[in-house]
Amino acid sequence: MMLPSEKHVKGSLPFVSHALPSTPSRGRAAEQTCLALLQACTSLRHLLQTTAFLLKSGLRSNPLVLTKFAAASSSLDALEVATSLLFSPHASTHLYDAFLFNTVIRSHAQSDRLGDRRLAISYFSAMLRCRLLPNKFTFPFLLRACASLPEPTSVGAQVHACVVKYGYSSDPYVRNTLIHVYSGAPSSLDSARDLFDRMPKTSPVTWCAMIGGYVRSGFSHKAVALFREMQGRGIQPDEITVILVLSACADLGALELVRWLGSYVERENIPKALPLCNALLDALAKCGDVDGAVALFERMHAKSIVSWTSVIDGLALHGRGNEAVRVFEMMKGAGVVPDGVAFISVLTACCHSGMVEEGRRYFDSMKSDFGIEPQIEHYGCMVDLFSRVGMVERALEFVRTMPMEPNPVIWRMLIGACRVHGRLELGERIAKNLLDKDPTHDSTYVVLSNLYALRRQWQKKWETRRAMSERGIRKVPGCSSVELNGEIYEFIAGDESQLKDRGVYEMLEEIGRKTKLAGYVPRH
């Protein structure tokens, strides 16, 4: 980036136009003036003008000024301005200190841009090349940059080695961020838990980092178990931890724990900021208490599009399509412009309630009224809508006119519709075509073998199963969970080890007998 020349900013800074005193204290006066200018910077234009003053005053080797300059550039989202000056070919990097490098690393680590976060690691390397020792403030910034990378563990492990080398492995802030790094990928969760278990003293931040790792990696039951352990030790969770646990509860359907957390927030006077209210709202809706979610929504003083979408989604998933559509219209009436996610929710409502014309109208309005280009998820909702009401041919024609290649999920929707509505030959053709494109997915083999079973083509069914076995493909077992007396029980299809002593099979047999007596005939 080219730095501004003097002629571009001449006369633009009336507040520094006075001449600096021609005394030995001129350097000190220039330093203080430049620091004041950087403190007052509110725009990129001001920053560039101050850069010109900095250069003219001979301060490009002043670590204090340059540190403030880096911080000001970061606050104005102009990191390129800082780095072009700090690390230019003429920069006196041998005069820089650790505080300056920490500021640069922190600024890049906190950036929204992935490229900037990668640069944070590069500037740590530059710091070492300048023979500057990192301190306890360096590593938390650096590790946060690592945690935000697509593959955090590989780089994080190298930084971890530096942590040990420079003697900061026992620092609690460094250890907390290390846990955050290792919990960012399922493959390294055990390393994160090992660090967590070996910490002599933990804080709410430590527990939050570990619980967050479990939630992000899909181990919701472990997140809830760790939260219960946290409660048993008398450690009060902060707002972020409660939000994470609510997310885990929504995944598990743990309604009683969600309600307890709502009461806990009230009892402990945890600030009910909008993200926390939204998380509670979403958890109530996903766990089946839609009325409770609606009641909370109506009590909320501030609402975001996330709030509206959570209510619409909850109503949609529980078959209350008309109500979901009504809330969607209320949202528009309140001046909240729907986004792509909100449209997925309202289209899902139309799907689950068989509202074909309404769904078609909302799909068309995305682009015509709001300028939103439908994505494959929106097309999938429409295919699902047509399929559920038996309009298989219309669903197939809709797929053929899509502007993008249908994904396997959409094809499997069509196969399911063919199975339910008796279009078995069409379903077989689609399934075979899908197997040609994606021969490794277990569910396609399963639905194809089920189609053959419905047509009593047993030989083809066993051939399909054999082909699946020969390719080493196994069906992922089904899994469900239930909350009872505050405990969450997980059941995996085919795993009888946990059920024999609990009378589960006796109860299932009793339920089967009663459903048959009531006239239920299962569909094979």
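Is Leu128 buried, partly exposed or exposed, and what is its relative accessibility? In this predicted model, Leu128 has a relative accessibility of 28%. Buried means under 20% and exposed over 50%, so at 28% Leu128 counts as partly exposed.

**The overall picture**

Let's step back to the whole chain for a moment. The protein has 28 helices and 2 strands. Of its 524 residues, 45% are buried. If you take the contacts between residues at least 6 apart in sequence, 58% of them join residues at least 24 apart. On the outside, about 27,600 Å² is exposed, and carbon and sulfur atoms supply 54% of that.

**Around Leu128 and the loop after it**

Back to Leu128, which sits in helix 7 (residues 114-129). Set aside the neighbours within four places in sequence, and Leu128 is in contact with Pro134 and Tyr166. Ala98 is 30 residues away from Leu128 in sequence, yet the two C-alphas are 9.8 Å apart in space.

The loop between helix 7 and helix 8 (138-147) holds Arg131. Its backbone is worth a look: phi of Arg131 is near 60°, a positive value in a residue other than glycine. Most residues other than glycine have a negative phi. As for its surroundings, Arg131 counts as exposed because its relative accessibility is 77%.

Asn269 is another case of this kind. Asn269 belongs to the loop between helix 15 and helix 16, and its phi is near 55°, again positive in a residue other than glycine. With 64% relative accessibility, Asn269 counts as exposed too.

**Two helices and what covers them**

Helix 12 (residues 204-216) has 13 residues, and 10 of those 13 are buried, so helix 12 is mostly covered. The buried set is Thr206, Trp207, Cys208, Ala209, Met210, Ile211, Gly212, Gly213, Tyr214 and Val215. What covers them? The cover includes helix 10 (172-182), helix 11 (189-197), helix 13 (220-232) and helix 14 (239-252). Just past the end of helix 12, Gly218 takes a positive phi of about 90°.

Helix 20 (residues 340-353) has 14 residues. Its buried residues are Ala342, Phe343, Ser345, Val346, Leu347, Thr348, Ala349, Cys350 and Cys351. These pack against helix 18 (305-317), helix 19 (321-333), helix 21 (356-370) and helix 22 (376-388).

Here is how the spans of the two helices compare with expectation:

| Helix | Residues | Span, first to last C-alpha | Expected span |
|---|---|---|---|
| Helix 12 | 204-216 (13 residues) | 18 Å | 18 Å |
| Helix 20 | 340-353 (14 residues) | 20 Å | 20 Å |

**Helix 16: a buried alanine and a pocket**

Where does Ala283 lie? Ala283 is part of helix 16. A relative accessible area of 0% is why Ala283 counts as buried. Not counting residues up to four places away in sequence, Ala283 touches Leu246, Ala250 and Val258. Leu257 is 26 residues from Ala283 in sequence, with 10.0 Å between their C-alphas.

Helix 16 also gives the most to the lining of the second largest pocket, with 5 residues. That pocket has a volume of about 320 Å³. Its lining comes to 15 residues, and Glu266, Lys272, Cys277, Leu296 and Met300 lie nearest the centre. Helix 15 (255-267), helix 16 (274-286) and helix 17 (290-299) each supply at least two residues of the lining. If you're thinking about chemistry, the lining splits into 10 nonpolar, 2 polar and 3 charged residues.

**The enclosed space**

How many cavities of 30 Å³ or more does a search of the whole structure find? The search finds 1, and about 40 Å³ of space lies in this largest cavity. Ala70, Leu79, Ala82, Thr83, Leu86, Val104, Ser107 and His108 form its lining. The elements that give two or more of these residues are helix 5 (79-86) and helix 6 (98-109). Helix 5 gives the most, with 4 residues. By class, the cavity lining has 5 nonpolar residues, 3 polar ones and no charged ones.

Technical notes:
Residues are numbered from 1 along each chain as its sequence is written. This is a predicted model: local features need pLDDT of at least 70, side-chain atom pairs count only at pLDDT 80 or more; totals for chains, interfaces and linings use all residues. Side-chain values use heavy atoms; hydrogens and water are left out. On a 1 Å grid over the protein atoms alone, a cavity is a set of points where a 1.4 Å probe fits but cannot get out, and a pocket is an open set with protein on both sides within 12 Å along at least five of seven lines; lining residues have an atom within 4 Å of a point. Grid points are joined across faces, edges and corners, and a volume is the space filled by probe spheres set on the points. Ala, Val, Leu, Ile, Met, Phe, Trp, Tyr, Cys and Pro count as nonpolar, Asp, Glu, Lys and Arg as charged, and the others, Gly among them, as polar. Buried means under 20% relative accessible area, exposed over 50%, partly exposed in between (1.4 Å probe, protein chains only). Contact means heavy atoms within 4.5 Å. Accessible areas come from the Shrake-Rupley method with a 1.4 Å probe; for residues, only the protein chains shown count as cover. The expected span of a helix is 1.5 Å times one less than its number of residues.
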